[in-house]
Structures are given as C-alpha cells and as structure tokens.
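User: Could you take me through the nonpolar core of this protein and the helix that contributes to it the most? I would like a connected account, with the cut-offs spelled out as you go.

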Amino acid sequence: MAQNIQWYPGHMAKAFRLMRENLSLVDLVFELVDARLPMSSRNPEVDKLIEKKPRLLVLTKADLADSKETASWKAYFEKQGLNVVVLDTRGPKTAQMMTKAAKEVLKDRIEAQETKGIKNRPIRVMLAGIPNVGKSTLLNHLVQKNVAITANKPGVTKKVAWLKTSTGLEILDSPGVLWPKFEDQKTGQRLALTGAVKDTIFAKDDAALYLLSFFREYNPQAIIDRYHLADDAFDQTDVNLLLTITEKLGFKDDYDKAAVRLLNDLRSGKLGRYTLDREHD
Ligand SMILES: Nc1nc2c(ncn2[C@@H]2O[C@H](COP(=O)(O)OP(=O)(O)OP(=O)(O)O)[C@@H](O)[C@H]2O)c(=O)[nH]1
C-alpha cells in the first residue's frame, strides 16, 4: 500500500520554501503532531529546518490517543530537550495553555527584554504540521473573534498577515502545511488509518487489515466487543477475520463496505483510544 502513497516532490519543496521564508518573521514555531502517531506524523526534515528556532511540540488529538502512551512520548521528547504540550485542540483551555507554554519557552528572552524596559511584546508564532493534524482548529481557538492584521517587516516586501490573540500572541495567517515523509510501509499504513493521507490514495481493505493486525497485538477485545464476535475470533487470519466481521455486520461478502466501517469506527473513537506509534523506548 505505502508504495502508492507518494507526495509530489514539488509540493514538498514549495512547502519548505514558504516555511523557510516565513521562519525569520517568527519568534516561535508550534510544531503539531498527532498524539496517536507522534513519530509517523512528523517530518524529519522539519527538524533540520527549524533546529535553530525556539519550538513547541504540540501533541494534538490527545483525547483519541492512549494516555499512557502519550505520557511516554512526552517524556521521550522532553529527554531530547523539546518543550511539549499535550492537547485536545478543541478544549476550552487551549488558548491559555498554548500561551503559557509559549511564554515558558521564550522565558529568557522575555526576561531580557523586560530588563531593557520592553514589556508585553507580542510573541509571533508559526503553526506547522501535516494535513488534518489540527492546525485550523488550533488557530481558531487562539484567535477567536480577533481580526487579521497585516504588517510589513523591514526588508520583507511581501505583506504578511498576522492574527492577533487576546493573550498576546500573533499568529502567522497561513499555517505551514508539511507532508509526512516515510520510507517504510508501516508509517504509510499508520497515516492512512488515522486519515492523515487522503482516502483516495490507499486501498481501504489493506488499511482495514492493518487495523486488525494492530488490534490483534494490542487490544483484540475492543474488536470482539464492538462487533459482537466470539472470544476465539482472533484464532484466524486477518483476512478471515475481516470476512467474519463483514458477515456480522450484515454486509454479506462486501468486505470493502466492512473495511470502511472499521476505519470510520476507529477514526471516530468507537474502538477506544489508541496509539499506533509505540516505539518510544
Ligand atoms: N478529537 C479531536 N479532534 C480534533 C482535534 N484537533 C482537531 N480535530 C479534528 O480534526 C479534523 C482536522 O482538523 P483541522 O484543524 O482542520 O486540521 P488542519 O491541520 O488544519 O488540516 P489541513 O487543513 O488539512 O491542513 C477536524 O475534524 C477537527 O475537528 C483534537 O485535539 N481532538
């Protein structure tokens, strides 16, 4: 399946060029990754691109992820010296949490400014992350009803729009869309499962089979309960299991339909919380 999921190198190059151009305008980057796949939803080249910029790693969709796994991932990234925020982006405290965390990352700089008498300088932020990770949701929560302002920086001819928050941040109007980079099939399959890559470019039955193999290892009971299967349902191959579920759902032999149901159930949380990337130790 993964070999069918290819990003156009041109798209990737353009995204990087835009990000590089805008980086000099901001104080801080919010790098958003999906808490269910904190590794697979990152682009390793972004690391290089923003290595000299203060950065906050935001684990979004934490409400859908296994909380124990999220805690392990947080510790893993913190050990690498990163500042990490764990977030249900849609939550009521998002703006406050993100502002507090941003100020914490820039603490030394803010203190240095204050000793020079510069107070309450807005913190300029860029949001970056792969499609569907929650960039617009975060932006809307931060900005609420505030209108966009445009500003010109000396030496920059292009006008850049900033969105002001009531908590002292200014967010670059256009989030950096990044593409995940994956060389291995596993990463592609995981991205497909969460819906991070378009459904049109992967085979749903392959994704459903990967889903079943994942639950076989980590939580077979969730599948047994959801589809009212016999306790020994996993004593068969994933393909046969998919056929059993198809039958149980009343779809006769239309296993494509069952595959879609499985994926929808997973993405909407009906199979419980789960973390697909588990290699943090
Ligand atoms: N459960 C849950 N859903 C979320 C969270 N954050 C975002 N979503 C949902 O995820 C979907 C995608 O969110 P967006 O904010 O549009 O993502 P985006 O990164 O702007 O996506 P692109 O425009 O494709 O780049 C939406 O349906 C959101 O409601 C979260 O923390 N938890």
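Analyst: Happy to help; here is a walk from the whole chain to the core, and then out to the helix contacts and the loops.

A word on the source: this is a predicted model, in which local features need pLDDT of at least 70 and side-chain atom pairs count only at pLDDT 80 or more, while totals for chains, interfaces and linings use all residues. Residues are numbered from 1 along each chain as its sequence is written.

The protein chain has 11 helices and 8 strands; these are DSSP runs numbered from the N terminus, with helices being H or I of at least four residues and strands E of at least two. The chain is divided into domain 1 (2–177) and domain 2 (203–267), with bounds that come from an automatic or database domain assignment. Taken over C-alpha atoms, the centres of domain 1 and domain 2 are 36 Å apart. Of the 281 residues, 35% count as buried. Here, buried means that 20 or more other C-beta atoms lie within 10 Å of a residue's own, exposed means 12 or fewer, and partly exposed is in between, with C-beta atoms placed from the backbone.

Now to the core itself. The largest nonpolar core holds 65 residues, and those with the most contacts inside it are Leu59, Val125, Leu127, Ile171, Leu211 and Leu242. Such a core is a set of buried Ala, Val, Leu, Ile, Met, Phe, Trp, Tyr and Cys residues joined through C-beta atoms within 7 Å. Helix 8 (residues 204–218) supplies the largest share of this core, 7 residues. Both domain 1 and domain 2 give residues to this core, so it lies between them.

Val125 gives a good view of the surroundings: leaving aside neighbours within four places in sequence, Val125 is in contact with Val26, Leu28, Phe30, Ala102, Leu169, Glu170, Ile171 and Leu172. Contact means that the C-beta atoms of two residues, placed from the backbone, lie within 7 Å.

Back to helix 8. The axes of helix 8 and helix 10 (residues 238–248) come within 10 Å and cross at roughly 105 degrees. Axes are lines fitted to C-alpha atoms, for helices over the stretch in contact, and angles run from 0 to 180 degrees between N-to-C directions. Helix 8 and helix 10 are therefore roughly perpendicular to each other, on a scale where angles under 35 degrees count as roughly parallel, over 145 as roughly antiparallel, 65 to 115 as roughly perpendicular and the rest as oblique. On the helix 8 side, Ala208, Leu209, Leu212 and Ser213 meet Asp238, Val239, Leu241 and Leu242 of helix 10. By class, the residues of this contact are 6 nonpolar, 1 polar and 1 charged. Ala, Val, Leu, Ile, Met, Phe, Trp, Tyr, Cys and Pro count as nonpolar, Asp, Glu, Lys and Arg as charged, and the others, Gly among them, as polar.

A loop joins this picture too. His228 sits in the loop between helix 9 (220–226) and helix 10, and has a positive phi of about 50 degrees although it is not a glycine. His228 is exposed, with 10 other C-beta atoms within 10 Å.

Finally, a contrast to the core: helix 5 (residues 107–115) is hardly covered, as the count of buried residues among its 9 residues is 0. Gly117, which follows helix 5, has a positive phi near 85 degrees.
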